[in-house]
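Okay, thanks everyone for coming. I'll put the sequence and the structure up on the screen, and then I'll walk you through a few spots.

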Amino acid sequence: MLHHVEMNVSNLQQSRAFYDFLLPMLGYELYQQWDKGFSYKVNHTYLVFVQTEEKHADASFHRGCTGLNHLAFHGESRTQVDALTEELINRGVNILYKDRHPFAGGNHTYAVFFEDPDRIKLEIVAPK
């Protein structure tokens, strides 16, 4: 089982607003917060978000480079994926693969793909 994932973010306040909206909808609860970061937890797994240090601020993330490609979360249902998709669109979040949504992951995977404020790809997958 995964213990935690820590991600550096370019703008802590912007990421905090984004994940304060998203993660509670997926069952996560605020776990920790401090001047340069915060975390959300579900069961024994947590996600940590930390402000990128100034000396590294010029380098941006791209999922096509070596390293993380995307994070995929379990959704509760297709209805939840649809409602979340609508809310993301209302918030101006970039929905990926619109031409294949909600089956961009294949004919048997009902999901929404989108980007966080640092363009990290996220996916919410409905159960089969």
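I'll go through a helix, a run of strands, the charged pairs, and then a few single residues.

Before anything else, please keep in mind that this is a predicted model.

Let's start with helix α1, which covers residues 12-25. That's 14 residues, and from the first C-alpha to the last the helix reaches 20 Å, close to the 20 Å expected at 1.5 Å a residue. So is α1 straight or kinked, and where is the kink centred? There's a kink of about 30°, and its centre is Y19. Hang on to Y19, please, as I'll come back to that residue.

What happens at the two ends? At the N-terminal end, N11 acts as the cap: one of its side-chain oxygens sits 3.2 Å from the backbone nitrogen of Q13. After the helix you run into G27, and G27 has a positive phi, near 95°.

As for which parts of α1 are tucked away, the buried residues are L12, S15, F18, Y19, F21, L22 and L23. Two other residues of the helix, D20 and R16, are partly exposed, D20 with a relative accessible area of 31% and R16 with 21%. Those two side chains meet in a salt bridge, 2.9 Å from N to O. Why can they reach each other along the helix? Well, they're four residues apart in α1, so about one helical turn separates them. And as a general point, side chains of opposite charge can pair when their charged atoms come close.

Moving on to the strands. Strand β2, residues 29-34, runs antiparallel to strand β3, residues 37-42, and five bridges join them. If you want a register mark, look for Q32, which stands opposite S39 in β3. The two strands make a hairpin, with two residues between them.

Then β3 goes on to pair with strand β4, residues 45-51. That pairing is antiparallel too, with six bridges. Here the mark to look for is Y40, whose bridge partner in β4 is L47. Again you get a hairpin with two residues between the strands, and N43 in the turn has a positive phi of about 55°.

While we're on β4, have a look at V50, which lies in that strand. V50 counts as buried, at 16% relative accessibility. If you'd like a sense of distance across the model, V50 and K128 are 34 Å apart in space, C-alpha to C-alpha, and 78 residues apart in sequence.

Okay, charges. How many salt bridges are there? The count comes to five. You've already met D20 with R16. Another one joins K55 and E53, at 3.8 Å from N to O, and K55 there is exposed, with a relative accessible area of 67%.

The one I'd like you to zoom in on is E115 with R63, where the closest N and O atoms are 2.9 Å apart. E115 sits in strand β6, residues 111-115, while R63 sits in the loop between β4 and β5, so this pair ties together parts that are 52 residues apart in sequence. Are these two buried or exposed? Both E115 and R63 are buried. R119 comes in as well: salt bridges with shared partners join R63, E115 and R119 into one network.

Now for D116, in the loop between β6 and β7. D116 is buried yet has no salt bridge, and the nearest side chain of opposite charge, R63, is 8.0 Å away. So what does the side chain of D116 make a polar contact with? Here's where Y19 comes back: the D116 side chain contacts the side chain of Y19, at 2.7 Å. Y19, remember, is where the kink in α1 is centred. On top of that, a polar atom of the D116 side chain lies 2.9 Å from the backbone nitrogen of I120.

Last stop, T85, in helix α2, residues 78-90. T85 counts as buried, at 6% relative accessibility. Its side chain reaches the backbone oxygen of V81, at 2.7 Å.

If you only rotate to one place afterwards, I'd make it D116, with Y19 on one contact and the I120 backbone nitrogen on another. That's me done, so over to you.

Key
Residues numbered from 1 in each chain as written. Predicted model: local features only at pLDDT ≥ 70, side-chain atom pairs only at ≥ 80, totals over all residues. Heavy atoms only, no water. Expected span 1.5 Å × (residues − 1). Bend = angle between axes of the 7 residues up to and from the residue. Buried < 20%, exposed > 50% of the residue type's maximum accessible area, 1.4 Å probe, protein only. Polar contact = N/O pair within 3.5 Å; in protein donor to acceptor, adjacent residues only side chain to side chain. Pairing = 2+ DSSP bridges. Salt bridge = Lys/Arg side-chain N within 4 Å of Asp/Glu carboxyl O. Lys, Arg positive; Asp, Glu negative; His and termini not counted.
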